[in-house]
Amino acid sequence: MKKFFITRRFILPPTPAADVLVPILCSFLAIILGTLLYLTLPSQTSDVDYEIITYEYYPPEANLVSILTHSKKSVAGRITQHSSTWTFNKSSKTPYTLAQIFRDPAILGELTPNPITAEILQDSFAIDRANQELITSLDGTEQRIKFTDLQGRLNFEFSEPMFGVNPFTYKDADHVDCTVSKCLALTFDDGPSEHTDRLLDILAYTHAKATFFVLGHRVNAFAGQIIRAAREGHDIGSHSWIHRNLPRFPYATILNDLTATTNAIQPFSGQFVRFFRPPYGSINRNVNTAAAALNQQVVLWTVDPWDWQNKDAAFVCNDVIDHVRPGSIILLHDIYSTSVDAAQCIINRLSEQYTFVNLSTLYK
Ligand SMILES: [Zn+2]
């Protein structure tokens, strides 16, 4: 005789909506998955005494739901157990794939002797929370990877909510001494834009600080992004009003342009506008004198991956990684989605060696 139980194992503090919907979804999925699991397990049905299936979801604020099944069987007096978790994206209602959770396929290759094919990367995976292991079926054979070995190898958005491991040891970008530690300054020109919030999310999550050289004429439309960036510890610098090639204009025009830009930024940033980056890096004596009149430091860059032309995040990321050294100032533009992706890649790949700081910290 067989008994079949479904139990809710535990639920972390839910949001009101999740409180109602997710348990229903979980129960539904647990029944389906539990049945599948039951059918796939080697068994002699007539001898199975009982089977227990449990489920969990976590954490409610993340866009994922994980169903854990524990199957405990007693077959002819011998008890066998099997646990699995399927991890779903709540929005798309599809299982996450290995390609999505790992920072890059080469990293997954470090953890397994099997060749990593495009097909394997589309595999879903199971989580064995009890043993703190990720279970994959690479090349048909089950592989178990310890959560602790995943540290530094996963995309940030999954490392903590899914596996509880830090993406890496965060550096303190506010109190670092760049004469002693290795620092990099990410700078973003020509914005803010509709991509700036996503960039700010990435910077916040990775504890990186950056500098935004904003255009005066965009300030009103994106005041919220400037307020947020300043509040989150980034520097807001001036990139002139409307990106004209300033040396072509008389001194008075240049000074008016820089003054208007500074006056537009400051009420929102709440910071003294200390840095000025001339459009195209174009300077002459008049530009330098106008910046000096406003007590602004002219800052160019040392690493330029031409992200405005190379709208390919992997290319931009690799190009920056090939050229940085301690103290580098990296030029990117937060008006391109690909550049925001490149920034995430650069931070992911270099955060173990470098601290990402704003220019105030670099020039402290
Ligand atoms: Zn520019």
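Me: Over which residues does pLDDT stay under 50, with 4 contacts beyond four places in sequence?
Reply: Good place to start, since this is a predicted model. Where pLDDT is low, the predicted coordinates should not be read in detail. The model has just those 4 contacts beyond four places in sequence for the stretch, and the stretch with pLDDT under 50 is residues 42-46.

Me: What pLDDT does the protein average?
Reply: Of the residues, 76% score at least 70. The average for the protein is a pLDDT of 81.

Me: How many contacts beyond near neighbours in sequence does the model have for residues 1-20?
Reply: This stretch has a pLDDT below 50. Such contacts deserve caution, because coordinates should not be read in detail where pLDDT is low. For residues 1-20, the number of contacts beyond near neighbours in sequence is 33.

Me: What share of the residues in the protein is buried?
Reply: To set the scene, the secondary structure comes to 13 helices and 15 strands. The protein has 364 residues, and the buried share is 38%.

Me: Which helix gives the largest share of the largest nonpolar core?
Reply: That core has 56 residues, and those with the most contacts inside it are Ala185, Leu186, Ile330, Ala343 and Phe356. The largest share is 6 residues, and these come from residues 337-350, helix α12.

Me: How many residues are in the second, separate core?
Reply: Ile101, Phe125, Leu134 and Met162 are included in this second core. Its number of residues is 13.

Me: Which residues does Leu186 touch, not counting those up to four places away in sequence?
Reply: Leu186 is among the residues with the most contacts inside the largest nonpolar core. Leaving out residues up to four places away in sequence, Leu186 touches Ala208, Ala210, Ile330, Leu332, Ala343 and Phe356.

Me: Is α7 roughly parallel or oblique to α12?
Reply: Helix α7 covers residues 196-206, and its axis is 9 Å from that of α12, at an angle of about 10°. Angles under 35 degrees count as roughly parallel. Therefore α7 is, relative to α12, roughly parallel.

Me: Which residues of α12 make the contact with α7?
Reply: On the α7 side, the contact involves Arg198, Leu199, Ile202 and Thr206. Their partners in α12 are Val340, Ala343, Gln344 and Ile347.

Me: Which two residues are joined by a cis peptide bond?
Reply: Look in the loop between β9 (183-189) and α7, where Pro192 lies. The cis bond has an omega of about -5°, and the residues it joins are Gly191 and Pro192.

Me: Is Asp190 buried or exposed?
Reply: Asp190 lies in the loop between β9 and α7, and has a positive phi of about 75° although it is not a glycine. A residue needs 20 or more C-beta neighbours within 10 Å to be buried. Asp190 has 21, so it counts as buried.

Me: How do the axes of α8 and α9 lie, roughly parallel or oblique?
Reply: Helix α8 (residues 223-231) packs against α9 at an angle of about 60°, with axes 8 Å apart. Ala223, Ile226, Ile227 and Ala230 in α8 meet Ile265, Phe268 and Ser269 in α9. Because of that angle, α8 is, relative to α9, oblique.

Me: Is the crossing of α9 and α10 left-handed or right-handed?
Reply: The axes of α9 (residues 251-269) and α10 come within 9 Å and cross at roughly 40°. That makes α9 oblique to α10. Tyr251, Ile254, Leu255 and Leu258 in α9 meet α10 residues including Asn286, Val287 and Thr289. The crossing is right-handed.

Me: Is Asn295 buried or exposed?
Reply: Asn295 sits in the loop between α10 (285-293) and β13 (297-298), and its phi is near 60°, a positive value in a residue other than glycine. Residues with 12 or fewer C-beta neighbours within 10 Å are exposed. Asn295 has 11, so it counts as exposed.

Me: What separates the C-alpha atoms of His323 and Thr302 in space?
Reply: His323 is found in helix α11 (residues 313-323). His323 is partly exposed because it has 13 other C-beta atoms within 10 Å. Along the chain, His323 and Thr302 are 21 residues apart, while their C-alpha atoms are separated by 8.9 Å.

Conventions:
Residues numbered from 1 in each chain as written. Predicted model: local features only at pLDDT ≥ 70, side-chain atom pairs only at ≥ 80, totals over all residues. Helix = DSSP H or I, 4+ residues; strand = E, 2+ residues; numbered from the N terminus. pLDDT = per-residue confidence, 0-100. Contact = placed C-beta atoms within 7 Å. Core = buried A, V, L, I, M, F, W, Y, C linked by C-beta atoms within 7 Å. Axes fitted to C-alpha atoms, helices over the stretch in contact; angles between N-to-C directions. Parallel < 35°, antiparallel > 145°, perpendicular 65-115°, else oblique. Left-handed = near helix turned anticlockwise from the far one by under 90°.
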